[in-house]
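Me: I should be grateful for a close reading of one part of the model shown here. Please begin with that part and then set it in the context of the whole chain.

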Amino acid sequence: MPFRGNQSTLKRLRNRYRLVLINEDSFQEIIAFKLTRWSVYVVFSAIFIILVGLTITLVAFSPLKYYIPGYGDTGNAKDYEQLQFRADSIEQALIIKQKYYDGIEMVLKGNPVPLDTAVLNINTQKNVIDVNKDVKKKKRKR
């Protein structure tokens with residue numbers, strides 16, 4: 001069997017073929033194409049490149065880019081961080097107020113409030129106030 005080198009590959013790429021579309025009922029030739037393997041390769045490559053380009057353009061210049069994980073504005077991350085701080089401080093304030101109301105309820109029912117929880121509430125309130133000050137300082141730095 002003889003060695004097939006680059007010459008035979010180029011010949012195969014340049015061989016002409018005929019693609020014919022025929023009406024099955026009447027055997028009438030509808031359309032005929034003269035093709036080579038090279039031309040088919042070039043056409044499919046061009047279609048692929050155009051589709052990839054259109055997809056990238058669509059994603060880059062439309063709101064679809066926000067659905068890509070990890071993509072987003074840096075401002076959104078800062079806003080999210082501030083909202084998270086606010087939510088934490090609101091949660092802490094809610095816990096403090098709930099403990100306060102529970103203490104009032106216990107006093108009204110005649111049960112004494114343990115001294116440790118009252119001290120704990122004061123310390124927790126100071127921590128919440130400190131967190132709020134930190135959030136305000138971050139706002140000023142912008």
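My interest is in Ser 62, which is placed in the loop between α2 and α3. Is Ser 62 buried or exposed, and which backbone oxygen does the side chain of Ser 62 reach?

Reply: The model is a predicted one, and the description below should be taken in that sense. Ser 62 sits in the loop that joins α2 to α3. Ser 62 is buried, since its relative accessible area is 15% and the limit for a buried residue is under 20%. From this loop position, the side chain of Ser 62 reaches the backbone oxygen of Leu 58, at a distance of 2.4 Å. Leu 58 belongs to helix α2, which spans residues 37-60. Burial is found in 7% of the 142 residues of the protein chain, and Ser 62 is one of these buried residues.

The surroundings of the loop may be taken next, starting with the helix before it. Helix α2 has the highest mean pLDDT among the elements of the chain, at 95. Val 40 is found in this helix and counts as partly exposed, with 31% relative accessibility. Val 40 also belongs to a nonpolar patch on the surface, together with Val 43, Phe 44, Ile 47, Ile 50, Leu 51 and Leu 54. The accessible area of these residues together is about 670 Å².

On the other side of the loop, helix α3 covers residues 74-109. There the side chains of Lys 109 and Glu 105 meet in a salt bridge, with 3.2 Å from N to O. The two residues are four apart in sequence, so about one helical turn separates them. Lys 109 is exposed at 59% relative accessibility, whereas Glu 105 is partly exposed at 38%.

The structure holds two salt bridges. The other joins Glu 29 to Arg 18, with 3.2 Å between the closest N and O atoms. Glu 29 belongs to strand β2 and Arg 18 to strand β1, so this pair ties together parts that lie 11 residues apart in sequence. Glu 29 is partly exposed, with a relative accessible area of 45%, while Arg 18 is exposed at 53%. As a general point, side chains of opposite charge can pair when their charged atoms come close.

Those two strands deserve a description of their own. β1 (residues 16-22) and β2 (residues 29-36) pair in the antiparallel sense through seven bridges. Within this pairing, Arg 18 stands opposite Lys 34, and Leu 19 has Phe 33 as its bridge partner. The strands form a hairpin with six residues between them. Phe 27 lies in the loop between β1 and β2 and has a positive phi of about 55° although it is not a glycine. Most residues other than glycine have a negative phi. Phe 27 is also exposed, at 66% relative accessibility.

For the chain as a whole, four helices and two strands are present, and along the sequence they follow the pattern α-β-β-α-α-α. The mean pLDDT of the chain is 80, and 71% of the residues score at least 70. Among the elements, helix α4 (residues 115-141) has the lowest mean pLDDT, at 55. Where pLDDT is low, the predicted coordinates should not be read in detail.

Notes. Residues are numbered from 1 along each chain as its sequence is written. Side-chain values use heavy atoms; hydrogens and water are left out. Two strands pair if DSSP finds at least two bridges between them. pLDDT is the predictor's confidence in each residue, from 0 to 100. A salt bridge is a side-chain nitrogen of Lys or Arg within 4 Å of a carboxyl oxygen of Asp or Glu. Buried means under 20% relative accessible area, exposed over 50%, partly exposed in between (1.4 Å probe, protein chains only). A polar contact is a pair of N or O atoms within 3.5 Å; within protein, one must be able to donate a hydrogen and the other to accept it, and residues adjacent in sequence count only if both atoms are side-chain atoms. Patches are made of residues with over 30% relative accessible area and no salt bridge: like charges are joined within 9 Å, nonpolar side chains (Val, Leu, Ile, Met, Phe, Trp, Tyr) within 5 Å. Accessible areas come from the Shrake-Rupley method with a 1.4 Å probe; for residues, only the protein chains shown count as cover.
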